[in-house]
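Visitor: I have a structure in front of me and would like to learn how to read it, feature by feature. Could you take me through it slowly?

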Protein chains: 2
Amino acid sequence: MKVLIVHAHPEPNSFTAALRDQAVSTLEAQGHEVQVSDLYAMDWNPVASRNDFSSRGNPEYLVYALEQRLGVKSQSLAADIQAELDKLLWADLLILNFPIFWFSAPAMLKGWIDRVLVSGICYGGKRFYDQGGLSGKQALVTVTLGGREHMFGEGAIHGPLQDMLRPILRGTLAYVGFDVLEPFVAWHVPYISDEARQAFLIDYGLRLQRLEDEQPLEFPRLAQFDEQLYPLVVDA
Amino acid sequence: MKVLIVHAHPEPNSFTAALRDQAVSTLEAQGHEVQVSDLYAMDWNPVASRNDFSSRGNPEYLVYALEQRLGVKSQSLAADIQAELDKLLWADLLILNFPIFWFSAPAMLKGWIDRVLVSGICYGGKRFYDQGGLSGKQALVTVTLGGREHMFGEGAIHGPLQDMLRPILRGTLAYVGFDVLEPFVAWHVPYISDEARQAFLIDYGLRLQRLEDEQPLEFPRLAQFDEQLYPLVVDA
């Protein structure tokens, strides 16, 4: 298996980085190939802009997704985007590894999503959800957060964590066709003992050794909708 | 009323920018004071990093929220953050004005949230949701998107738009104490006629003239939870 880990944390020695390293060593020990995009170390540019295209279909007015489609065809995507896109297309498994900032990804990682998941390859027209351009690949979201586990779930103060992660799990990863696995979550990380953190690392390693046994989360399939994307009514 | 509009779109002449301008003219005509932070025009830096603090509590290991708290006390936040924070604290109403990228905010705006909503002022300890540091202020999310309205809602292919916007509406704006109004949504913008776009601008202007009649969305209140933030059980 080929694995791309996209890691975004402003502290190089964070526990989130330890999870990244645990993934690299566990997956390599199993014979998988692993590449890491460490966005802070790379000084990744997260800002989608007109500078992302060396030539433009319409130099007067920027429609970003349209220029992505043209950029794919004419190979005029910025070099940093193309390099990440090549890694993404190479990978069988994508791991997004990040600390929760405002119940979502840090801007650094959001900007990787904005710029790298290009229209024309990853999605476009009726190619989304199970028909998405990256179907056949798996994705795993691995997160650290400050909150305690009991603050999340039905009736809990923040509601289910997967509901907060919906734009990433469903709106992004499932949208482009990934089989999305249940997120790996390390809770309350800044406040727990080294032993508790070690336990998370061990759990994570064990989980990564058995990914092939997992069932992905359920998301919409285009066959459930008509040509205009209205839901098909099933007779009772 | 004092209003801060935070606008993030890579195309200066976008319809999203027209919504920004409509808000400025409508609100100013009503006698309100308006400031605009146009993040692309400002070349805003969206990356939360060690560079955000002119002095550090712990120069060896970055815990971003901890350094924010110290930075507030010692006035060592980066100048660009402090300038935005001053505008935010000045405002009675915050409008986030952006195109939906991946069912959420562009990285440019996410990085404004990551860097400007500092711990120690906007939230901290038990100061969140209705007890958040920005309570008493209102927030409105104004978005443009490519999808059609029938693709969102219960049973629709993408589910309710407010569920996709949950990390922003609940996890960010309500979390820091804002009264969060129902989002203003301009659907299917790249594909509609100029007349249809004009109709959105008119609707938006009318809505902004009557914001004082609106009831905010409902979110958790801390009184519903115990000291450890477990939900209080109400006897039937």
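**A helix under cover**

Guide: Let us begin with α4(B), where Ala107(B), Met108(B), Leu109(B), Lys110(B), Gly111(B), Trp112(B), Ile113(B), Asp114(B), Arg115(B) and Val116(B) are buried. A residue is called buried if 20 or more other C-beta atoms lie within 10 Å of its own, exposed if 12 or fewer, and partly exposed in between, with the C-beta atoms placed from the backbone. Helices (H or I, at least four residues) and strands (E, at least two) are DSSP runs, numbered from the N terminus. Please keep in mind that this is a predicted model, in which local features need pLDDT of at least 70 and side-chain atom pairs count only at pLDDT 80 or more, while totals for chains, interfaces and linings use all residues. Residues are numbered from 1 along each chain as its sequence is written, and chains are lettered from A and ligands numbered from 1 in the order in which they are written.

Visitor: What do the buried residues of α4(B) pack against?

Guide: They pack against α4 of chain A, together with β1 (2–7), α3 (79–90), β3 (93–99) and α6 (166–174) of chain B. In the other chain, ten of the ten residues of α4(A) are buried, so that helix is largely enclosed by the rest of the structure. The cover over the buried residues of α4(A) includes β1, α3, β3 and α6 of chain A, and also α4 of chain B.

Visitor: How many residues of chain A are in contact with chain B?

Guide: Two residues are in contact if their C-beta atoms, placed from the backbone, lie within 7 Å. By that rule, 40 residues of chain A are in contact with 40 residues of chain B. The elements that give two or more residues to this side of chain A are α4 (107–116), α5 (161–164) and α6 (166–174), and the largest share, six residues, comes from α4(A). Sorted by class, the side of chain A that touches chain B has 26 nonpolar, eight polar and six charged residues; here Ala, Val, Leu, Ile, Met, Phe, Trp, Tyr, Cys and Pro count as nonpolar, Asp, Glu, Lys and Arg as charged, and the others, Gly among them, as polar.

Visitor: What turn and shift lay chain A on chain B?

Guide: In general, two copies of a chain are related by a rotation about an axis and a shift along it. Copies are superposed by least squares on the C-alpha atoms of residues with pLDDT of at least 70 in both. Here a turn of 180° and a shift of 0.0 Å along the axis lay chain A on chain B with an RMSD of 0.0 Å, which is the relation of a two-fold axis. In chain A, the C-alpha nearest the axis belongs to Ala107(A), at 2.4 Å from it. The same surface serves both copies, since 100% of the contact residues of chain A recur in chain B.

Visitor: Which strands pair with β1(A)?

Guide: Two strands pair if DSSP finds at least two bridges between them. Six bridges join β1(A) to the parallel strand β2 (residues 33–38) of chain A, and Val36(A) in β2(A) is the bridge partner of Ile5(A). Five bridges, also in the parallel sense, pair β1(A) with β3(A), where Leu93(A) stands opposite Val3(A). Five of the six residues of β1(A) are buried, so the strand is largely enclosed by the rest of the structure.

Visitor: Which residues other than glycine have a positive phi in the loops of chain B?

Guide: As a general guide, most residues other than glycine have a negative phi, and most peptide bonds are trans. Among those with a positive value, Phe103(B) has a phi of about 60°; Phe103(B) is in the loop between β3 and α4 of chain B and is buried, with 22 other C-beta atoms within 10 Å. His188(B) has a positive phi near 60°, lies in the loop between β6 and α7 of chain B, and is partly exposed, with 15 other C-beta atoms within 10 Å.

Visitor: What average pLDDT does chain A have?

Guide: The term pLDDT is the predictor's confidence in each residue, from 0 to 100. Chain A averages a pLDDT of 96, and 99% of the residues score at least 70. The model scores ipTM 0.97 and pTM 0.97.
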